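Got your viewer ready? Load the model, pick a cartoon view, and follow along stop by stop.

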Amino acid sequence: MALAIAMIVTVAAGCSGFADEVRADRQQGEGNLEETMETARGLYDSMVEVFEEDTAGVEQAVEESLVVISRYESLEGDRRRRFVGQIVPLRGGIGVRITAEYQVENSQVEGGWEDEPREAVRLEAEPLELSLARSVERRYHSGGD
């Protein structure tokens, strides 16, 4: 429950303006689904660009599901982090959800890495998630420049 609330706060804060644009599009008639999908693809393209520039790079980008996953980047000690971004429905509009995932090296687990609990990384993760979401929004509104 707390994880869902944190994601909603991150999404809502990083998506100002998008929901209103899409809601207005929906009220105009039939062509709105196409316009909404065009907006979603534009946001996705902006997210790919921002992830390439502001993270360790893009490991996976899946346009069909509007998901972008960054490569892991090394942090202090035996930790690493990656970002997972997705374009999502949001109260009658669309928005950007970005989640930072942290792992700690642990030779006792398969694969050698163990996920850090969200509660343990929340204060570190939320400002970064919000910053990336806002960067995506700015990139989208600037036309990808």
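Start with a term: buried means under 20% relative accessible area, exposed over 50%, and partly exposed in between, with a 1.4 Å probe and protein chains only. By that cut-off, buried residues make up 41% of the 145 in the chain. Keep in mind that this is a predicted model, where local features need pLDDT of at least 70, side-chain atom pairs count only at pLDDT 80 or more, and totals for chains, interfaces and linings use all residues. Residues are numbered from 1 along each chain as its sequence is written, and side-chain values use heavy atoms, with hydrogens and water left out.

**Whole chain.** Colour by secondary structure: there are four helices and six strands, in the order α-α-α-β-β-β-β-β-β-α along the sequence. Helices (H or I, at least four residues) and strands (E, at least two) are DSSP runs, numbered from the N terminus.

**Stop one: strand E4.** Select 79–90. E4 is mostly covered, with nine of its 12 residues buried. Next, bring in its neighbours; two strands count as paired if DSSP finds at least two bridges between them.

- Add E2, residues 67–70: three bridges join E2 to E4, antiparallel. Ile 69 sits opposite Val 84 of E4.
- Add E3, residues 73–74: E3 pairs with E4 over two bridges, again antiparallel, and Glu 73 has Arg 81 as its bridge partner. The E3–E4 hairpin has four residues between the strands, and Gly 77 in the turn shows a positive phi of about 65°.
- Add E5, 93–105: 12 bridges tie E4 to E5, also antiparallel. Look for Gly 85 opposite Ile 98. This hairpin has two residues between its strands, and Arg 91 in the turn has a positive phi of about 40°.

**Stop two: the core.** A nonpolar core here is a set of buried Ala, Val, Leu, Ile, Met, Phe, Trp, Tyr and Cys residues joined through side-chain atoms within 4.5 Å. Which members of the largest one touch the most others? Show Met 47, Phe 51, Ile 87, Val 96, Ile 98 and Val 136, out of 22 residues. Helix H3 (32–54), E4, E5 and helix H4 (118–141) each give two or more residues, and the largest share, six residues, comes from H3.

**Last stop: Val 136.** Contact means heavy atoms within 4.5 Å. Leaving out residues up to four places away in sequence, Val 136 touches Leu 43, Ser 46, Met 47, Val 50, Val 96 and Ile 98.
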